[in-house]
Amino acid sequence: SLTEKLNSVFKSLSGRGRITESNISDAMRDVRKALLEADVNYNIVKQFCKDVRDAALGAEVIKSLHPGQVLIKIVNDELTKLMGPVDTRIYFVSPGPTIILLAGLQGCGKTTTAAKLGNYLVSKGKRPLMVADDLQRPAAIEQLKVLGEQTGIPVYSEEIKDAVRVARNAIKHAKDSGNDVVIVDTAGRLHIDEEMMTEVANVAKAITPHQIYLVCDSMTGQDAVNSAKEFNERLELDGVILTKLDGDARGGAALSVKAVTGKPIKFIGVGEKLDKLEEFHPDRMASRILGMGDVVTLVEKAQEQFDAEEAARFQKKMAKGSFGFDDFLKQMQAVKKMGGLKDMLKLMPGLGGQLKDVDLDGSELKQMEAIVHSMTPKERRDPDLIDPPRRRRIAAGSGTQPNDVSSLVKTFKRSRDMMKAVSGGSFGGLKALFSG
Ligand code: GDP
Ligand code: MG
């Protein structure tokens, strides 16, 4: 699946010690391939990969602590952008009824979606009426009636062949019976054809729906996108409902529909059952496609609190041996701000080793701060100066015990020495050290 493919691309990327511009290019070539195989429209893939590349170079992924994950976040953001923005609210008119027309090819899920949407509206306190306006297939009316019985939603139907008349009469009926929403289920064909287009366009003209939704089968990939394009030229579409996303859908349709038609996906169908309709959220869909969920949030938080430049600065200081207590304190403060991100921080050069020894609850950090603040600038730069008299003075100044001071000095020295030993080494080496 698309998700699996992208996952393996990113996995190979994040396993790498260093990421270069050419690594990114390689990764993007794999991303491009995965998207094309998932039936995403070619032009969209091209533009998408360019956008990601630009963003990646702009964000200086190469310099960051977790290049692979930063790149994933960029891909995630670009996917979200591609599919959004979406307003999934249905705007109701007053006086009603609010008329919703469903159009789409045969088998895409219109009739099922009519009932799902009906259910959804009932849950919002509405009193919908469903209209059996597919007069092409003999069984179509019966199918909607069955769904009506299952959901308790009334169905309007007539035994005539004039879809425009049935639709008009249904609106009248809805007004008379106090239904505030009308859902019109129409006839589709297996392929785009003129007869179907004319019929649905005539129905739309006659009843001027407040919302016209195109129902699209996501399993049909590029076909779904092409049909969406044609429907969009004939009807004033307000949005798309993408069905069968629960199946082995390759996801390409979701990524292409908005870009190709300019019309947002409003809802998605994720199962045959009548409660399997969800509002569409581009960000969730992007995470689903990437199969990454929380990683993105984690990276976002970490980036906020601790930027790569600063980490690089620390490492440079370390190499020169000028890493002092002030720097140490800064790192600790950054770590504390990140709260629950301990596991992820273990991967960060320079921080993981300290985390093993220091239990970072708030009081511990406060004590650390107090001790460091009671040191003179000279002592902060050179902990070797701290002899027993100085230790007693610092303890008194910070309201701590002399052995608190010496244990902080010890922690500091140990981390500094360890980091010095490995600074300049590869990221992989650091990782091995800290996880060992
Ligand atoms: P229509 O010809 O457009 O009215 O399509 P139908 O509503 O009759 O649906 C065609 C088939 O697709 C039926 O077997 C539905 O149960 C199935 N279907 C519709 N929506 C979904 C969905 O979201 N997920 C799955 N798995 N099946 C769906
Ligand atoms: Mg149908």
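Which residue in strand 7 is the bridge partner of V240? In this predicted model, the bridge partner of V240 in strand 7 is I265, and the sections below set that pairing within the rest of the chain.

## The chain as a whole

The chain contains 21 helices and 8 strands, and 43% of its 436 residues count as buried. When contacts between residues at least 6 apart in sequence are considered, 75% of them join residues that are at least 24 apart.

## The sheet

Strands of a sheet pair through backbone hydrogen bonds, and this pairing may be either parallel or antiparallel. Here, 8 strands form an open sheet in the order 3-2-4-1-5-6-7-8, and the pairing within this sheet is mixed. The edge strands are strand 3, at residues 155–156, and strand 8, at residues 277–279, each of which pairs on one side only.

Strand 6, made of residues 239–243, and strand 7, made of residues 265–269, are joined by 3 bridges and pair in the parallel sense; the pair V240 and I265, with which this report began, links these two strands.

## Strand 4 and its partners

Strand 4 covers residues 181–186, and 6 of its 6 residues are buried. This covering applies to both faces of the strand, since V181, I183 and D185 are buried on one side, while V182, V184 and T186 are buried on the other.

Strand 4 pairs with two strands that are described here in turn. Strand 1, at residues 98–103, runs parallel to strand 4 and is joined to it by 5 bridges, and T98 has V181 of strand 4 as its bridge partner. Strand 2, at residues 128–133, also pairs with strand 4 in the parallel sense, over 6 bridges, and here L129 has V182 of strand 4 as its bridge partner.

## Helices lying across the sheet

Helix 5, which spans residues 110–123, lies across strand 1, strand 2, strand 4, strand 5, strand 6, strand 7 and strand 8, and it runs at about 170° to strand 4. Helix 9, at residues 222–234, lies across strand 1, strand 5 and strand 6, and its direction is at about 160° to that of strand 5.

## The surroundings of ligand 1

Ligand 1 is surrounded by 18 residues, of which the closest are G109, K110, T111, T112 and G269. Helix 5 contributes the largest share of this shell, namely 3 residues. By residue type, the shell divides into 2 nonpolar, 11 polar and 5 charged residues.

## An annotated stretch and L274

The UniProt record, which is an unreviewed entry, carries the annotation "domain: SRP54-type proteins GTP-binding" over residues 264–277. In the model, this stretch of the chain is 0% helix and 43% strand, and the C-alpha atoms at its two ends are 16 Å apart.

L274 lies in the loop between strand 7 and strand 8. Is this residue buried, exposed or partly exposed? L274 counts as partly exposed because 18 C-beta neighbours lie inside 10 Å, whereas a buried residue would need 20 or more and an exposed one 12 or fewer. Leaving aside neighbours within four places in sequence, L274 is in contact with A115, K116, N119, Q150 and T151. A further example of two residues separated along the chain is given by L274 and L147, which are 127 residues apart in sequence but 8.7 Å apart in space, taken from C-alpha to C-alpha.

Note on methods
Residues are numbered from 1 along each chain as its sequence is written. Chains are lettered from A and ligands numbered from 1 in the order in which they are written. This is a predicted model: local features need pLDDT of at least 70, side-chain atom pairs count only at pLDDT 80 or more; totals for chains, interfaces and linings use all residues. A residue is near a molecule or strand if its C-beta atom, placed from the backbone, lies within 6 Å of it. Helices (H or I, at least four residues) and strands (E, at least two) are DSSP runs, numbered from the N terminus. Ala, Val, Leu, Ile, Met, Phe, Trp, Tyr, Cys and Pro count as nonpolar, Asp, Glu, Lys and Arg as charged, and the others, Gly among them, as polar. Two strands pair if DSSP finds at least two bridges between them. Two residues are in contact if their C-beta atoms, placed from the backbone, lie within 7 Å. Axes are lines fitted to C-alpha atoms, for helices over the stretch in contact, and angles run from 0 to 180 degrees between N-to-C directions. UniProt positions are given in the numbering used here, feature names are shortened, and annotations may be inferred rather than shown by experiment.
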